[in-house]
Amino acid sequence: MDWLLHAGDDPVHKLLLMVFAIGLFVALMAVILFVVDRPRNPSRWFVGFGFTGIALLLLLAGLVYPAVRTIWTSFLFRNSGDFVGLDNYVRAFTEPKFLIVLGNTALWVLVAPIVATFLGLVYAYLVDRSRFEKFAKGLVFLPMAISMVGASIIWKFVYEFKPQGVDQTGLLNQFMVWIGGEPQQWLLHRPLNTFLIMVVFVWIQTGFAMTLLSASIKAIPTDIVEAARLDGLSGFGMFWRITIPSIRPALVVVLTTIAMTTLKTFDIVRTMTAGQFDTSIVALEFYDQGFRQNDAGMAAALAVLLFVIVVPVVVYNVRQQRKVEEIR
Amino acid sequence: MTSAAPTTESVRPTSGLGNRARKARKALSNPWASTLAVVIAVIWTVPTVGLLVTSFRPELDIRTSGWWTVFGSALQGEGVFSLQNYETALFGSSTNMIDFFVNSFVVTLPAVFIPITIALLAAYGFAWIDFKGRDVLFIAVFALQIVPIQITLVPLLSAYVSLGINGTFWTIWLSHSIFALPLAIFLLHNFMKEVPRSLVEAARVDGAGHVKIFFTVMMPLLTPAIAAFGIFQFLWVWNDLLVALVMGDLRTFPLTVRIAELAGSRGGDWHVLSAGAFISMVVPVIVFLALQRYFVRGMLAGAVKG
């Protein structure tokens, strides 16, 4: 039994365990399908549950139940089980430390999606149907493949600081030196540090915005474009009066999707500053409270807060998504 | 951006291809527009190139000069590159990334395979089996996409502890599988709904049951959808930090956790960090480039998870 649970440090053991897990799963599936497929089984409900049952049970046990429990925990004091009502929420909205966290989160949700969408849109429009389109898109697209941790390290190196007089190794400070300024410790001061951390996120998400918006731009009927051209529209006028209105639903979907991602992302801030220098956001604070400060009540309250903020964004997103699909 | 010269347009032929080429020339003949495009492209490339170049430089050079100086030194014929950093990062006793590489691999494969299989079955059930309560259940699954995984983590972890499986790969596989399900079921359901009813009916007339229809009619048609979701889930799991950090321990941590740790504890050791970062990136980038087509298709179908 222990062999199946703990693989220790042995890589071969780990790989064998992986193969075993997949094999076990396949066998389980085979048994279920075999039982479901017995022809003497008339009940459609039985067959339906055979196909959907595992998923439903997993979701119930692994998503619904824990979520309900977290909501309950958010009314408790730390890990004690003592009911304290809304205390954790009150703390979240009154203590200066958490106010900064909430402020930063608001900043993130308002700024990052707009900047990423805007850049993605402009870039998609600019390279659309140019000779280098595929290559140009690939460059902006590629950051989506790498982890947020990796992207953070790439950018941390850009922000690297060496004292004045020494050769700079970070690109941004080298630029400062080149244009005659002084090198700075970029991540120390609010709110500049939050914006510079956001750059990493925007850098990743712009590729997403670009891809979706590019597809929408290409889907604009050519007769509309031609008619506008005959009316004398070109360049910026075309972009503003034809392109943007035509892809409005897609724009909203992209914006809200990125906003959702923004709310849940904690990797970047954690890797860049670990939330120091007043850069923390709700998703990171949740992790800190729950797994470092061991304040389960507070962590739960922050998670619920995250949930409450996400819901309207998701609802709006789904509605717009329907519109986009209708247009297609 | 309004300064696009209209004069170049009027003389071009209007065949389809000529038309496209003309538009292209127009777009990039605007100097502001092309400058902006180039600036964006540069900002999106140079930071990565910088770290990549750095990862091949000797430790001392990294500390004392900027990576952009290598091009000058290389022109003068100085040997400025080495693979030492990669050796240190992979096999050095204090970093031994090779172990974490194995972990990433072991974590990812089942965490992609299992949820997709479960979701395929469920999606088929919701799309083609007419059982009581189906619509309500499907809407419930769809709605679960709203739940941020943060809200589930603490109770899940304590459940794993009471089961005695905390800190094992099983918890990570299970967690990733659960979190993937709502989106996977929803997407695959949409794809399955698009399969023509006549195909399914024909198979049914031939005496095929649901299991047979699932394997012989659905699966072959769904390969692109599976590939699309598969690559998403692969990137999501391989690049994940949160689940790995919360559920795992030192023996299961994947590369992301290790590198995040190094960035915290040895933030100045850019020789290890740069090489380590690229070691963690190489697999997803290869998968991504190889399956880009499916990735884009999946993204347009709504396969995005926050």
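**A walk along the A–B interface**

Across the interface of chain A and chain B, 13 residue pairs are in polar contact, both partners being at pLDDT 80 or more. That cut-off matters here, as you have a predicted model on screen.

Stay at this interface and try a salt-bridge search next: between chain A and chain B the rule finds 0 of them.

Now select helix α3 of chain A, residues 44-73. With 18 residues, helix α3 gives the most to the side of chain A that touches chain B. Colour that whole side of chain A by class and you should find 67 nonpolar, 20 polar and 17 charged residues.

Time to zoom out and show both partners. Chain A brings 104 residues to the contact, and chain B brings 112 residues. Between them, about 9900 Å² is buried, with carbon and sulfur atoms giving 78% of that area. On the chain A side, pick A:F51, A:L126 and A:F157: these lose the most area to chain B, together 7% of what that side buries.

Keep A:F51 selected and add B:I185 and B:M192. These three have the most contacts inside the largest nonpolar core, a set of 208 residues. For the element that gives the most to this core, select helix α7 of chain B, residues 97-128, which supplies 19 residues.

Last stop: centre the view on B:I185. Which residues does B:I185 touch, leaving aside those up to four places away in sequence? From chain A there are A:A55 and A:L59. From chain B, look for B:A119, B:A122, B:A123, B:F126, B:F138 and B:V141.

Definitions and conventions:
Residues are numbered from 1 along each chain as its sequence is written. Chains are lettered from A and ligands numbered from 1 in the order in which they are written. This is a predicted model: local features need pLDDT of at least 70, side-chain atom pairs count only at pLDDT 80 or more; totals for chains, interfaces and linings use all residues. Side-chain values use heavy atoms; hydrogens and water are left out. Contact means heavy atoms within 4.5 Å. Buried area is the accessible area (1.4 Å probe) that two parts lose on being put together, summed over both. A salt bridge is a side-chain nitrogen of Lys or Arg within 4 Å of a carboxyl oxygen of Asp or Glu. A polar contact is a pair of N or O atoms within 3.5 Å; within protein, one must be able to donate a hydrogen and the other to accept it, and residues adjacent in sequence count only if both atoms are side-chain atoms. Helices (H or I, at least four residues) and strands (E, at least two) are DSSP runs, numbered from the N terminus. Ala, Val, Leu, Ile, Met, Phe, Trp, Tyr, Cys and Pro count as nonpolar, Asp, Glu, Lys and Arg as charged, and the others, Gly among them, as polar. A nonpolar core is a set of buried Ala, Val, Leu, Ile, Met, Phe, Trp, Tyr and Cys residues joined through side-chain atoms within 4.5 Å. Buried means under 20% relative accessible area, exposed over 50%, partly exposed in between (1.4 Å probe, protein chains only).
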